[in-house]
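This report concerns the empty spaces and the ligand site of one protein model. The sequence and structure are shown first.

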Amino acid sequence: MQPIPDLKNNMSFDDFKAEVLNDYRIAVTSRECSLLGRREVLTGKAKFGIFGDGKEVPQLAMAKAFKKGDFRSGYYRDQTFMMALGELTVDQFFSGLYANTDLAIEPMSAGRHMGGHFSTHSVDDHGNWKDLTQLYNSSADISPTAGQMPRLLGLAQASKIYRNVEGVNTRNFSTSGNEVAWGTIGNASTSEGLFFETINAAGVLQVPMVISVWDDEYGISVHAKHQTSKENISEILKGFQRTKDEKGYEILRVKGWDYANLIETYQEASTIAREEHVPVLIHVSGLTQPQGHSTSGSHERYKNKERLDWELANDCNLKMRNWMIETGIATNEDLTNLERNIKREVRAGKTRAWETFLNPILKERQELTSILTKLESRHSNPEFIEKSKNNLLALDEPTRKDVLSTARKILQHFISDNSVEKNNLTNWINKYFEEIQPHFSSHLYSQSGKSVLKIKEIKPSYDSHSESVDGRIIIRDNFDFIFDKYPETLIFGEDTGYIGDVNQGLEGLQEKYGSSRVADSGIREATIIGQGIGMAMRGLRPIAEIQYLDYLMYALQIISDDLATLQYRTKGRQKAPLIIRTRGHRLEGIWHSGSQLGGIINLVRGIYVLVPRNMTKAAGFYNTLLQGDEPALVIECLNGYRLKEKLPNNIGEFQTPIGVVETTKEGSDITLVSYGSTHRIVEQAAKELQLVDIDVEVIDVQSLLPFDVNHDIAKSLSKTNRLMVIDEDVPGGASAYILNEVLNTQNGYQYLDSQPKTLTAKPHRPAYGTDGDYFSKPSVEDVFEAVYNVMHELSPIDFPKLR
Ligand SMILES: Cc1ncc(C[n+]2csc(CCOP(=O)(O)OP(=O)(O)O)c2C)c(N)n1
């Protein structure tokens with residue numbers, strides 16, 4: 001038997017007993033929630049359940065080592081940890097299971113997430129940062145296994161920046177960089193690339209991160225023998241162990257049922273990470289799943305009797321209980337009483353949560369049915385209305401879908417009625433949508449006063465002495481200004497630091513601002529983004545650089561799943577105003593000419609996607625974004641760094657507005673819409689078209705997400721009555737998105753006198769070389785001919801067939 005731990009210096013045995021008993025109380029409460037939670041799913045009150053049973057005891061130890069200001073980045077098994085910190089009550093647990101949409105009642109996600117996805121609130125309801133140093137912080141969970149890892153790296157790195165970079169504002173965010181980022185992951189999920197990428201990066205960066213692997217030998221039904229070499233994650237990570245001479249990890253191993261050793265292990269890990277900024281991996285083995293993986297199936301299907309018996313005997317709560325009796329901390333009778341009381345408390349909490357969930361819906365149903373009662377007499381067949389109403393009233397547990405769909409179906413029977421009673425129903429439905437829809441659809445983007453859409457344009461200014469310089473100089477000088485003005489900004493990526501990026505847009509800036517702020521990173525796009533997400537969540541203003549747009553694909557999963565959903569999945573209570581800088585569009589070959597915008601914009605809703613046509617526009621976007629609190633992807637033109645642009649006088653100060661298009665040439669015959677590098681091609685074609693008396697209007701979209709918030713393109717169509725969208729994406733890519741925006745969102749279809757056209761790249765990736773480009777992507781001649789053909793169709797006499 002393990003010795004009794006020295007929980008706190010000078011603690012009396014009575015105090016010690018009380019603390020252990022309190023821990024056991026939390027473990028049993030958590031277990032009861034899991035057991036009852038599963039029942040709620042099986043009886044239909046909740047849709048899906050995934051619980052933390054079998055992982056309770058190590059989480060008590062982790063909670064004890066976790067301090068205010070620290071951050072967790074974990075997964076769906078961590079309910080006991082959250083309960084131990086006082087960040088999850090029984091009522092909240094069940095409210096999450098039922099998907100209560102009231103954030104005050106279900107603070108994890110206002111019902112947007114299935115239960116088991118935890119978070120705390122980093123910002124208030126106006127979007128202002130809280131004092132994170134006084135909170136137990138939990139970054140909002142996501143479901144993709146190991147998706148919590150890249151963010152964990154950034155959460156840990158923030159401490160390092162706060163400790164080491166002078167001049168950075170630590171208020172609200174850090175106390176001398178003493179905060180630890182705590183990760184949790186299931187053993188099977190360590191098979192994911194994101195896990196290994198993060199482990200390596202944290203070892204290189206030497207950040208204060210403690211990662212716990214909850215090892216129950218299974219990933220749903222798949223045993224460790226199919227998951228992990230040697231079936232042992234800490235064994236195969238041995239090479240990361242630090243030595244006297246080499247930096248690396250501290251790797252600790254402990255059994256998940258061994259309360260005393262767990263407490264010691266977690267205290268040790270905390271000290272190493274907190275004081276030395278060394279990452280620690282704790283392999284917690286011997287864990288179980290008393291109810292199987294989730295409510296979707298039973299583990300009896302894939303675990304044999306021997307394993308099931310072993311799990312029963314080695315349940316961590318049971319082992320803690322036995323230890324408490326053996327060491328005289330409590331008697332069997334004490335614990336039986338305590339367990340009985342907890343059962344009662346959890347049941348009461350569950351009932352309260354259910355009533356809190358159901359009561360507003362019952363009230364809404366009541367409102368509707370009284371409207372329906374008055375409407376009955378207006379129908380030739382009042383029994384029909386009454387029957388629908390009674391069917392709704394007969395439901396013991398109605399959903400909002402039941403209520404609203406009844407109302408809408410009944411409305412269909414009153415199409416030609418103009419009575420007050422019918423209008424009452426119409427108004428009720430409209431109001432219901434107005435009130436309820438935001439529960440499910442708000443906060444995709446920032447709704448705070450710092451939304452970037454509120455940042456006004458400041459134009460670049462020039463005078464007669466303004467010289468023409470390579471575009472990269474404008475970017476470089478602008479970043480110089482940014483790093484000087486905002487000490488919280490930092491940039492990192494492949495070749496970003498020492499050489500100042502592959503196009504020298506950061507030339508000399510590492511020397512000036514130091515290697516913590518202008519930093520090289522390994523070739524690991526997903527964790528470059530993870531660094532950015534985590535640091536942005538802790539108040540820094542990171543700029544994560546992805547060397548080429550083509551390689552954003554490696555990071556697209558985490559951008560889409562984590563960054564893009566963050567505000568939405570916390571209903572605006574967490575934010576990560578990360579700027580992702582990359583360069584794309586045409587240059588050379590299959591992987592250096594990418595412009596896969598259709599794919600990207602459809603996967604990253606929640607992030608702004610900006611496609612500046614030159615470096616002045618790009619610099620202006622960075623300046624705008626730094627005034628706001630939202631994440632964005634800025635794609636610079638790969639072939640624009642050596643093109644000449646006039647150097648503005650107000651470098652660092654001009655701001656490109658977001659969501660606003662620019663008409664770069666006015667015309668009357670057709671509106672040509674484009675963006676990025678293609679815009680230059682279109683401008684050249686416009687000049688050539690003018691020579692044959694075709695007067696085109698050219699519009700640069702600039703910002704794909706959000707898109708033309710002032711509907712300027714539709715205004716242009718009302719003048720030209722013709723539309724062509726030109727880009728370098730595949731057919732049906734971003735051009736199809738633009739068409740949808742212009743024709744449907746802006747109702748531009750009503751102005752059209754001829755078929756709206758798109759001109760895109762070929763469906764294959766662009767071939768290498770000058771000819772590869774010419775035959776793969778739209779050329780000036782392609783644009784000329786496509787526009788000419790539209791005019792030929794319109795007037796074959798004025799514009800005879802060209803070829
Ligand atoms: C990327 C991804 N693939 C698959 C899944 C489906 N899935 C959910 S949990 C899980 C098993 C995870 O096992 P483990 O990491 O050992 O954690 P445990 O559930 O055992 O605690 C799988 C395959 C997922 N959520 N995400």
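The text below treats the ligand site, then the pockets, then the cavities.

**Ligand site**

The model is a predicted one. Around the ligand there are 18 residues, and Tyr75, Tyr76, Arg77, Ser189 and Tyr218 come nearest. By class, this shell holds six nonpolar, eight polar and four charged residues.

Oxygen atoms of the ligand lie at short range from N or O atoms of the protein, as listed here for Ala188, Asp216 and His293.

| Residue | Partner of the ligand oxygen | Distance |
|---|---|---|
| Ala188 | polar backbone atom | 2.9 Å |
| Asp216 | side-chain N or O atom | 3.1 Å |
| His293 | side-chain N or O atom | 3.4 Å |

Taken alone, the ligand exposes 580 Å², and the protein buries 71% of that area.

**Pockets**

The largest pocket encloses about 790 Å³ of space. Its lining comprises 30 residues, of which Ala99, Phe357, Thr399, Arg400 and Phe440 are the closest to the centre. Four helices each supply at least two residues of this lining: α4 (90–98), α11 (332–376), α13 (400–411) and α14 (420–441). The lining of the largest pocket divides by class into 15 nonpolar, nine polar and six charged residues.

The second largest pocket has a volume of about 520 Å³. It is lined by 26 residues, and Tyr462, Arg613, Asn614, Thr616 and Lys617 are the closest to its centre. Both helices and strands contribute two or more residues to this lining, namely the helices α21 (615–625) and α22 (678–691) and the strands β16 (644–646) and β17 (662–665). By class, the lining of the second largest pocket has eight nonpolar, eight polar and 10 charged residues.

**Cavities**

Rolling a probe the size of a water molecule over the atoms reveals where empty space remains. How many cavities of 30 Å³ or more are there? The count comes to four. The largest cavity has a volume of about 90 Å³. Its lining is made up of 15 residues, with Phe93, Gly96, Met108, Gly115 and Gly116 nearest the centre. Seven of the lining residues of the largest cavity are nonpolar, seven are polar and one is charged.

Key: Residues numbered from 1 in each chain as written. Predicted model: local features only at pLDDT ≥ 70, side-chain atom pairs only at ≥ 80, totals over all residues. Heavy atoms only, no water. 1 Å grid on protein atoms, 1.4 Å probe; cavity = no way out; pocket = protein on both sides within 12 Å on 5 of 7 lines; lining within 4 Å. Points joined across faces, edges and corners; volume = space filled by probe spheres on them. Nonpolar A, V, L, I, M, F, W, Y, C, P; charged D, E, K, R; others polar. Near = heavy atom within 4 Å. Polar contact = N/O pair within 3.5 Å; in protein donor to acceptor, adjacent residues only side chain to side chain. Areas by Shrake-Rupley, 256 points an atom, 1.4 Å probe, with all protein chains shown as cover.
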